[in-house]
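Good morning, and thank you for making time for this presentation. I shall go through one structure, beginning with its overall organisation and ending with its charged pairs. Please keep the display in view as I speak.

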Amino acid sequence: MLPRFLDPPTLDRLRRLIEANFAARDALYAAAGSLDNEDHVGVCVRLADSLAGHAAELQQMVAAAGDQPPGPQDLVVQT
């Protein structure tokens, strides 16, 4: 498959969206772990799973453009 061209600003935005999706996913999984209400846990887990799927799709776009997409291990933890 031939790489698709995406300009640098677009690639940068996609990378930031990937990172944001992974950060939000992790926050939702953490929230689910701290909740007692199973309905609320289910909502958090479903939302987190959905964000993980969005991140994967965005990673594919970046990879198709011939660039290395960020992964969850690339996140910088803010303290």
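The protein contains two helices and zero strands. I should say at once that this is a predicted model. The chain has 79 residues, and 25% of them count as buried. The accessible surface amounts to about 5,500 Å², with 58% of that belonging to carbon and sulfur atoms. As for the contacts with a separation of 6 or more, 67% are between residues 24 or more positions apart.

Let me turn to the helices themselves. Does the span of α1 agree or disagree with the expected value? At 1.5 Å a residue, its 27 residues should cover 39 Å, and the end C-alpha atoms are indeed 39 Å apart, so the two values agree. For α2, also with 27 residues, the expected span is 39 Å and the distance between the end C-alpha atoms is 39 Å, which again agrees.

The ends of α2 deserve a word. At its N-terminal end, asparagine 37 acts as a cap, with a side-chain oxygen 2.8 Å from the backbone nitrogen of aspartate 39. After α2 comes glycine 66, which has a positive phi, near 85°.

Next, the packing. Which residues of α1 are buried? They are Leu11, Leu14, Ile18, Asn21, Phe22, Arg25, Leu28 and Ala32, and the buried residues of α1 pack against α2. On the other side, the buried residues of α2 are Val41, Gly42, Cys44, Ala48, Ala55, Leu58, Val62 and Ala64, and these pack against α1.

In soluble globular proteins, nonpolar side chains tend to be buried together. In this model, the largest nonpolar core consists of eight residues: Leu11, Leu14, Ile18, Phe22, Ala55, Leu58, Val62 and Ala65. The elements contributing two or more residues to this core are α1 and α2, and α1 supplies the largest share, namely four. A second core, separate from that one, has five residues, including Leu28, Ala32, Cys44 and Ala48. Returning to leucine 11, its contacts beyond four places in sequence are Leu6, Val62, Ala65 and Asp67.

Two positions in α2 can be set side by side. Glycine 42 lies in that helix and is buried, because its relative accessible area of 18% falls under the 20% cut-off. Its C-alpha is 7.5 Å from that of alanine 32, ten residues away in sequence. Alanine 56 also lies in α2, but at 31% relative accessibility alanine 56 counts as partly exposed. The C-alpha atoms of alanine 56 and glycine 71 are 8.9 Å apart, with a sequence separation of 15 residues.

I come now to the charged pairs. How many salt bridges are there? The count is three.

One of them joins the side chains of arginine 16 and aspartate 12, at 3.2 Å from N to O. Both residues belong to helix α1 and are four residues apart, about one turn of the helix. Arginine 16 is partly exposed at 47% relative accessibility, and aspartate 12 is partly exposed at 36%.

Another salt bridge pairs aspartate 67 with arginine 15, and here the closest N and O atoms are 2.0 Å apart. This pair links distant parts of the chain, since aspartate 67 is in the segment after α2 and arginine 15 is in helix α1, 52 residues apart. Aspartate 67 is partly exposed, at 26% relative accessibility, as is arginine 15, at 24%.

The remaining pair is arginine 25 and aspartate 26, whose side chains meet in a salt bridge at 2.6 Å, N to O. Is arginine 25 buried or exposed? Arginine 25 counts as buried because its relative accessibility of 15% is under 20%, whereas aspartate 26 is partly exposed at 33%. Arginine 25 lies in helix α1, which covers residues 8–34. Leaving out residues up to four places away in sequence, arginine 25 touches Ala48, Leu51, Ala52 and Pro72.

To conclude, this predicted model has two helices, buried residues of α1 that pack against α2, and three salt bridges. I am happy to take questions.

Definitions and conventions
Residues are numbered from 1 along each chain as its sequence is written. This is a predicted model: local features need pLDDT of at least 70, side-chain atom pairs count only at pLDDT 80 or more; totals for chains, interfaces and linings use all residues. Side-chain values use heavy atoms; hydrogens and water are left out. Contact means heavy atoms within 4.5 Å. A nonpolar core is a set of buried Ala, Val, Leu, Ile, Met, Phe, Trp, Tyr and Cys residues joined through side-chain atoms within 4.5 Å. Buried means under 20% relative accessible area, exposed over 50%, partly exposed in between (1.4 Å probe, protein chains only). The expected span of a helix is 1.5 Å times one less than its number of residues. A polar contact is a pair of N or O atoms within 3.5 Å; within protein, one must be able to donate a hydrogen and the other to accept it, and residues adjacent in sequence count only if both atoms are side-chain atoms. Accessible areas come from the Shrake-Rupley method with a 1.4 Å probe; for residues, only the protein chains shown count as cover. A salt bridge is a side-chain nitrogen of Lys or Arg within 4 Å of a carboxyl oxygen of Asp or Glu.
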